[in-house]
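I opened a new page for this structure today. Here are my notes, in the order in which I looked things up.

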Amino acid sequence: MLLKNLHPLPNQTVNRLALFIGTLIGAAFMAGFAACKATPVAAPVAPPAVSTSTTPTDEPGNALPSDLYKSMPIYPGAKIEHVRKPKGAMREIMFSSDAQMQQMVAYYKDELKKNDFHITSSLIMPARKTWSCDFHYNGRPGSIMLYPSDQDKSKMTIDLIYELPAHVDASLVEPIENFDVEGPGEIAQQAPNPNPSEKQKRN
């Protein structure tokens, strides 16, 4: 019943609405086109790629550095693969060996104790053939990790990380005083007692 009461809009009104809407769309399009043409948008420039390496570079040679612990045990027959340059206060040395993990673990446990290294923790994972050990020597911490080599799984990698010794400026250290004293010296001469009567009373 409501549909019957609705009267369709006259054709003239419909034409005016269509013309009005078309005019609005055209004006918006022209305005946008003019804006784009007037101020071209520059393409974003990507920042230059910066290559950062977290791995310290190697030393020129593969000789054991002089800053290593003097009594640090080195597994017999182990080959030095990399001697890293110091990173902060730490240095890393990589060895390779043909020995089995159990033999190497037993060697390091015994030799570290014999050379007065204090083992603070150790963890072994037989399934992964991995062993890690943390220790310190005279206040300098270090660690050893054993794991299969990435290049050759038949070989084991020995990863040694240790703290560099602290360099102390001798001019800042207080001199040590050495007293030349041999045994108890003679008793200093005592002052005379001004009241000899008191001494007699005590006796």
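I began with D159, which is buried (under 20% relative accessible area with a 1.4 Å probe, protein chains only; exposed is over 50%, partly exposed in between). D159 has no salt bridge (a side-chain nitrogen of Lys or Arg within 4 Å of a carboxyl oxygen of Asp or Glu). The nearest side chain of opposite charge, R84, is 7.3 Å away (Lys and Arg count as positive, Asp and Glu as negative; His and the chain ends are not counted).

A note on the source: this is a predicted model, where local features need pLDDT of at least 70 and side-chain atom pairs count only at pLDDT 80 or more, while totals for chains, interfaces and linings use all residues. Residues are numbered from 1 along each chain as its sequence is written, and side-chain values use heavy atoms, with hydrogens and water left out.

Next I looked up where D159 sits, and found it in strand 6, residues 156-163 (strands are DSSP runs of E, at least two residues; helices are runs of H or I, at least four; both are numbered from the N terminus). Leaving aside neighbours within four places in sequence, the contacts of D159 (heavy atoms within 4.5 Å) include E92, M94, S143 and Y147.

Then I turned to the sheet. It is open, with six strands in the order 1-2-6-5-4-3 and antiparallel pairing (two strands pair if DSSP finds at least two bridges between them). Strand 1 and strand 3 stand at the edges with a single partner strand each, so one side of each has no neighbour in the sheet. I also noted that strand 4 and strand 5 are joined by seven bridges, and that F135 stands opposite G142 in strand 5.

C133, in strand 4, was my next stop. I found C133 buried, at a relative accessible area of 1%. Setting aside neighbours within four places in sequence, C133 touches L112, I119 and I144, among others.

Which salt bridges did I find for R91? R91 meets E59 at 3.0 Å, N to O. R91 lies in strand 2 and E59 in the loop between helix 2 and strand 1, so this pair ties together parts 32 residues apart in sequence. R91 also pairs with D67, their closest N and O atoms being 2.8 Å apart. I checked burial too: R91 is buried at 7%, D67 is buried at 15%, and E59 is partly exposed at 26%.

My last entry is E111 with K114, a salt bridge at 3.8 Å. Both lie in helix 3, three residues apart; K114 is exposed at 62%.
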